[in-house]
Amino acid sequence: MRRHKGRIIILLLVLAAFLVSPAFAGTRYFEGSPNLTAYVSGANQFAPGSSIQIPVVIKNTGINTYYEVASNIVDRADVPTTAKFVTVAMGAGNAPVVIKTDPQMIGDIASQDQQTATFSATVNADAAGGTYTLPLNITYQQFSHVDQYGMDTFQYYYVPMNVTLTVPLVIKSEVIPEVISATSDNLVAGADGYVNLTIKNIGSFDGTKATVQIVQNDDSPVSPVDSNVYIGDFPAGSTVSCQYKVAVADTAQNKTYPVDVVVNYQNDEGDMVPSQSQTVGIDVGNKVNFAIQISPIEMSPGSKHTIQIEYQNTGDTMVYSAQARISVAAPFTSSSDVAYLGDLAPGQTAVATYQISVASDATLKEYGLDSEIRYNNAIGDTYVSDPMKVTIDVQNLTGLEGIISNPVYLSLIAAVIIGIIYAIIHTRKKH
């Protein structure tokens with residue numbers, strides 16, 4: 001019985017509380033406004049020359065401090081602390097960056113809520129390290145008041161608002177190499193040579209224990225033989241000169257090819273780190289080449305002939321201590337198959353003389369003998385040219401040409417002439 005009475009009392013208390021509290025109570029706000037703040041989410045340090053994403057969080061910390069709750073008040077769709085139709089635009093300010101993203105609409109931000117806008121940007125390649133501020137312009141609509149017509153008709157009024165915030169952007173201090181000049185010493189296809197670089201540190205960091213390295217660029221025919229030069233300290237604004245030996249592939253043409261340049265240095269944490277890679281063009285000339293000019297050569301079996309070959313440097317660079325050689329094989333022999341040509345500038349010619357003999361049992365046909373040139377380049381390396389063909393036509397020669405080219409006939413003629421001279425001298429003595 002007592003339990004039953006207790007249940008009745010609790011039910012009556014609940015009904016009384018329900019009757020006392022207003023049914024369908026609404027809230028009217030008398031003051032309050034959005035309070036927007038912004039910060040960069042996540043890592044906020046970026047390297048010079050990089051393409052970056054800057055995620056900015058916009059938070060509304062506005063609070064409604066003065067309001068009324070009553071049964072005769074209808075809740076409004078909007079409250080003064082809500083920032084409506086928010087648009088965010090980022091500027092570069094004094095930062096060495098280029099902002100690539102247009103203003104963004106991010107919708108409404110209610111009190112104690114937040115939205116994120118992400119901006120794409122590029123940091124200048126020569127950006128100095130430091131902390132910069134980026135202006136963030138925010139426009140939105142704020143609830144002003146509402147007019148009520150009848151029981152269920154409302155007209156809302158808003159005022160446009162504009163606020164400019166700033167967010168920090170940290171750019172790392174780095175060594176940034178810039179190639180001031182790049183020259184090559186008689187660098188040609190198919191040979192080694194030297195590349196001379198002058199490099200400036202246009203960054204804001206004083207590098208220590210620095211090494212300047214050149215790296216082959218993708219499929220470039222220019223590849224380093226000696227790729228590293230140690231320079232030690234490399235302060236901001238300083239300049240160094242380095243020389244590298246490189247090799248150039250046979251397939252290279254007379255044009256400019258890329259080479260990448262990287263500086264490895266010690267940073268503030270004591271770690272060895274690479275700089276941004278810089279690409280520079282290296283001039284390459286055509287491969288050293290030669291051409292021969294020679295009159296048609298005809299020989300008969302058993303004959304001996306003195307031939308002269310004119311060699312021309314048809315390449316783009318000087319060659320030094322050039323020696324020409326003709327390679328003879330059966331049925332040919334030679335008492336002198338090497339001739340010194342000396343130094344040859346591009347387009348210059350020199351003549352070599354060889355003594356060539358052909359066997360008496362040689363087959364009558366056209367033969368090809370190889371001739372090549374051994375030379376030094378500007379740095380003293382020795383190379384051998386591609387072989388050039390010397391054509392000799394072996395046939396039975398008749399008439400004076402056949403007699404002159406045959407050493408047997410020449411010997412008989414010489415003996416006859418000597419005999420005639422002897423007879424003339426002996427006859428004069430008798431008289």
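Contact, on this tour, means heavy atoms within 4.5 Å. The model in your viewer is a predicted one, so a good way to begin is to colour it by confidence.

**Confidence first**

Across the protein, pLDDT averages 86, and 83% of the residues score at least 70. Now select residues 1–23: pLDDT stays under 50 here, and the model has two contacts for this stretch beyond four places in sequence. Move on to residues 399–405, where pLDDT also stays under 50 and the model has 11 such contacts.

**Stop one: Ser-275**

Select Ser-275, in the loop that links strand 19 (272–274) to strand 20 (278–284). Is this serine buried or exposed? With a relative accessible area of 9%, Ser-275 falls under the 20% limit and therefore counts as buried. Show its surroundings next: setting aside neighbours within four places in sequence, Ser-275 is in contact with Val-175, Pro-177, Val-262, Val-263 and Tyr-265.

**Stop two: the largest pocket**

Keep Tyr-265 selected, since this contact of Ser-275 also belongs to the lining of the largest pocket. To see the rest of that lining, add Gln-45, Lys-172, Ser-173, Glu-174, Phe-205, Asn-267, Asp-268, Glu-269, Val-273 and Pro-274. The pocket has a volume of about 210 Å³. Colour the lining by class and you will find four nonpolar, three polar and four charged residues.

**Stop three: Ser-33 and Gln-142**

Go to Ser-33, placed in the loop between strand 1 (26–29) and strand 2 (36–40). Its relative accessibility is 34%, so Ser-33 counts as partly exposed. Draw a distance from its C-alpha atom to that of Asn-64: the two are 31 residues apart along the chain and separated by 7.5 Å. Beyond four places in sequence, Ser-33 is in contact with Gly-62, Ile-63, Pro-80, Thr-81 and Gln-142.

Follow that last contact to Gln-142, found in strand 10 (residues 130–149). Gln-142 is buried, at a relative accessible area of 10%. Which residues does Gln-142 touch, not counting those up to four places away in sequence? Gly-32, Ser-33 and Pro-34 are among them, as are Pro-80 and Thr-82. Tyr-157, Tyr-158, Val-159 and Met-161 complete the set.

**Stop four: the nonpolar cores**

In soluble globular proteins, nonpolar side chains tend to be buried together. To look at the largest nonpolar core here, which has 32 residues, select Tyr-311, Phe-332, Leu-341, Tyr-354 and Ile-373, the members with the most contacts inside it. At least two residues of this core come from each of strand 22 (297–299), strand 23 (304–313), strand 24 (319–327), strand 26 (338–344), strand 27 (349–358), strand 28 (365–376) and strand 30 (388–394). Strand 27 supplies the largest share, five residues.

Zoom in on Phe-332. Leaving out residues up to four places away in sequence, Phe-332 touches Met-299, Ile-356, Ser-357, Val-358, Tyr-367, Leu-369, Ile-392 and Val-394. Then select Val-97, Ile-106, Leu-165 and Leu-169, which are included in a second, separate core of 31 residues.

**Last stop: the cavity**

How many cavities of 30 Å³ or more does a search of the whole structure find? The search finds one, and the largest cavity has a volume of about 60 Å³. Display its lining: Asn-186, Val-188, Ala-191, Val-288, Thr-317, Met-318, Val-319, Tyr-375, Asn-377, Ala-378 and Tyr-383. By class, these lining residues are eight nonpolar, three polar and no charged.

Definitions and conventions:
Residues are numbered from 1 along each chain as its sequence is written. This is a predicted model: local features need pLDDT of at least 70, side-chain atom pairs count only at pLDDT 80 or more; totals for chains, interfaces and linings use all residues. Side-chain values use heavy atoms; hydrogens and water are left out. On a 1 Å grid over the protein atoms alone, a cavity is a set of points where a 1.4 Å probe fits but cannot get out, and a pocket is an open set with protein on both sides within 12 Å along at least five of seven lines; lining residues have an atom within 4 Å of a point. Grid points are joined across faces, edges and corners, and a volume is the space filled by probe spheres set on the points. Ala, Val, Leu, Ile, Met, Phe, Trp, Tyr, Cys and Pro count as nonpolar, Asp, Glu, Lys and Arg as charged, and the others, Gly among them, as polar. pLDDT is the predictor's confidence in each residue, from 0 to 100. Helices (H or I, at least four residues) and strands (E, at least two) are DSSP runs, numbered from the N terminus. Buried means under 20% relative accessible area, exposed over 50%, partly exposed in between (1.4 Å probe, protein chains only). A nonpolar core is a set of buried Ala, Val, Leu, Ile, Met, Phe, Trp, Tyr and Cys residues joined through side-chain atoms within 4.5 Å.
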